[in-house]
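Please examine the sequence and the three-dimensional structure below. The explanation that follows moves from strand pairing to the packing of the interior.

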Amino acid sequence: MKVLLVEPGYKNKYPPMGLMKISTYHRNRGDIVRFYKGCMSEREILEFGPDRVYITSLFTFYYDKVIKTLQYYQKYIDDDNIYLGGIMVTILYDRVAQDTGIHNLMAGLLEDSGILGLNDHVNIDQLPLDYDILDQIEYEYPANGNYFAYTTRGCPNKCSFCAVPILEPQFHMTNNIKRQVQEVNLKYGEKRNLLLLDNNIFNLTVQELQDVVADMQEVGFTKQPTYIKENAFDIFVRKAETPFLHERIVDSAVEYLISLKRRIRNEKQKQEYEYILKLLDCSKDKKYFMKTHKNWIRIYINKYKNKTKLKRYVDFNQGLEAARMTPEKMKILAQLPLRPVRIAFDHYNQRAVTIYKRAVRTASECGVKEFSNYMLYNFNDKPEDLWYRIKINIDLAKELGINMFSFPMKYMPITETDRSHIGEHWNKKYLQSIPAILLVTKGVVADGEEFFERAFGRNVEEFYEILAMPKDFIIYRQYYEEKGYTQIWRAYYNELSEDEKNMLIQILSGTLVQYNHGIFDRILKYYDKKYRYTYLRDYEEKAGC
């Protein structure tokens with residue numbers, strides 16, 4: 001069988017783990033597998049001639065892109081041979097079924113291959129990932145290069161803002177993490193770091209958690225350096241006989257061999273190696289040359305390659321639940337080289353703050369120094385709640401001597417197909433301003449007090465003032481301050497009463513159309529396009545300023 005795996009052309013951090021497991025399943029059956037991101041050209045589709053197509057989906061706000069991708073492949077493949085699954089399909093199953101007419105919809109975890117019309121009844125969800133398919137595409141996933149794994153599935157909590165109860169309704173331990181890592185090492189080469197996608201690791205018992213940690217330590221995730229980075233030539237050799245040898249792997253191997261010459265200090269060996277490089281350069285088929293001369297080349301590789309051992313890190317990427325963290329469990333988890341530790345801080349009330357502070361202090365006492373903590377906003381919170389939570393992180397970092405990054409995450413209802421949701425206490429203008437602030441901070445808020453006050457204000461009043469600023473005044477703050485525009489805008493803003501400031505936000509959010517122009521026109525002009533950064537810079541260049 002020829003199998004085509006498709007991920008729609010959206011941007012995403014992690015590779016499609018579901019498709020990687022399906023690839024392993026089909027390759028174990030002896031099938032031919034091809035992976036593509038987006039819409040493959042008609043010529044390539046006809047040349048490959050897939051018997052079956054699997055299309056994955058991610059977040060619900062990619063709904064239109066997923067459906068358009070499906071419709072594209074429907075022009076070439078019969079509906080009976082198209083399978084559509086993933087997160088979006090699981091959450092919006094009925095709507096997808098109605099809108100597409102596709103019968104082969106896969107919801108939830110793929111735990112039985114019988115769902116695919118194949119009768120070997122393999123639990124595909126527990127198969128190792130096929131990392132080789134990632135070499136078939138040009139797209140580079142930001143988190144690529146890690147082991148991706150689970151030790152548990154599901155979460156005992158039923159948070160209303162979370163999709164996990166739908167995607168993984170039952171909490172349970174999964175396949176052995178030690179076996180997962182060992183199988184990846186054997187087939188695809190060692191990775192450096194371990195990225196775990198468990199949704200609530202602290203729901204394990206103390207003994208279960210200790211067993212999981214012991215397995216990770218056994219496969220190299222200790223606090224001592226154990227990882228030696230695989231060089232590009234060895235990667236080439238390992239993949240040379242597979243159907244997944246992308247040209248960029250060949251190019252990387254050639255570049256590595258050229259760079260290796262700098263390491264050779266012995267003059268005679270250097271001359272010998274330069275002769276190899278000359279032959280390689282003259283070769284019309286560099287891939288064939290490297291394959292047929294690999295033993296000769298490896299004499300120099302083994303002698304001069306980098307043998308420095310690096311530390312590995314474990315990242316529980318979905319975050320740790322503060323309420324379930326106990327000193328005993330955190331002490332066990334801290335036996336691993338954790339970096340960073342992620343603790344969710346989604347609510348601002350006395351109980352949530354107490355639990356969160358206790359969890360951070362507990363982790364710090366166990367030796368954790370690197371934190372990157374999630375903060376949900378635009379849910380039931382108020383804008384100032386976000387400011388207070390970030391301020392708590394700033395204070396904790398200073399108190400405990402730790403590195404603490406705040407990671408604000410905008411809430412969107414899990415069933416919505418766009419990103420337009422506005423929480424009860426939020427508005428369109430504020431929701432546009434938060435990403436503008438985060439753009440300056442590259443998405444995270446560092447733990448420096450001066451940095452925080454500059455980005456978010458010294459107090460809540462200044463925070464609301466920043467939220468009210470024109471977007472470019474926030475992003476390019478130094479430029480507008482140097483030009484004096486910010487000071488003029490602020491003077492007009494401070495002349496407004498509190499009610500008028502609220503009206504300004506309504507005007508900017510598009511919810512107030514009729515208003516007294518005499519009061520607002522002076523300040524509103526700074527939101528016009530002629531005060532945008534690109535417009536002003538173009539004007540300055542033309543004027544020779």
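**From paired strands to the interior**

Strands β3 and β4 (residues 82-85) pair in parallel through three bridges. Within this pairing, Ile55 has Leu84 of β4 as its bridge partner. The model under discussion is a predicted one. Helix α3 (residues 63-74) completes the arrangement, since β3, α3 and β4 together form a right-handed β-α-β unit.

Strand β3 also pairs with strand β1 (residues 2-7), to which it is joined by four bridges in the parallel sense. Here the bridge partner of Leu5 is Tyr54 in β3. How are the two faces of β3 (residues 52-55) covered? Arg52 and Tyr54 lie on one side and Val53 and Ile55 on the other, and all four are buried. In a regular strand, side chains alternate between the two faces of the sheet.

The next topic is the nonpolar interior. In soluble globular proteins, nonpolar side chains tend to be buried together. The largest nonpolar core of this model comprises 117 residues, and Met216, Phe316, Leu333 and Phe456 have the most contacts inside it. Helix α16 (residues 383-400) is the greatest contributor to this core, giving seven residues. A second core, separate from the largest, has 32 residues, including Val6, Met40, Ile82 and Leu92. Leaving aside residues up to four places away in sequence, Met216 touches Ile177, Leu194, Leu196, Phe221, Val314, Phe316 and Leu336.

Helix α16 also contains Arg389. Is this arginine buried or exposed? Arg389 counts as buried because its relative accessible area is 0%, which is under the 20% limit. When residues up to four places away in sequence are not counted, Arg389 touches Phe345, Asp346, His347, Tyr348, Met375, Leu376, Tyr377 and Asp381. Val353 lies 36 residues from Arg389 along the chain, yet their C-alpha atoms are separated by 8.3 Å.

The interior also holds enclosed space. How many cavities of 30 Å³ or more does the model have? The count is two, and the largest cavity encloses about 150 Å³. Its lining consists of 18 residues, of which Leu127, Phe148, Ala149, Asn175 and Gln180 are the closest to the centre. Helix α1 (17-28), strand β6 (147-149) and helix α7 (177-188) each supply at least two residues of that lining.

Definitions and conventions:
Residues numbered from 1 in each chain as written. Predicted model: local features only at pLDDT ≥ 70, side-chain atom pairs only at ≥ 80, totals over all residues. Heavy atoms only, no water. Core = buried A, V, L, I, M, F, W, Y, C linked by side-chain atoms within 4.5 Å. Buried < 20%, exposed > 50% of the residue type's maximum accessible area, 1.4 Å probe, protein only. Contact = heavy atoms within 4.5 Å. Pairing = 2+ DSSP bridges. Right-handed = clockwise from strand over helix to strand, strands pointing away. 1 Å grid on protein atoms, 1.4 Å probe; cavity = no way out; pocket = protein on both sides within 12 Å on 5 of 7 lines; lining within 4 Å. Points joined across faces, edges and corners; volume = space filled by probe spheres on them.
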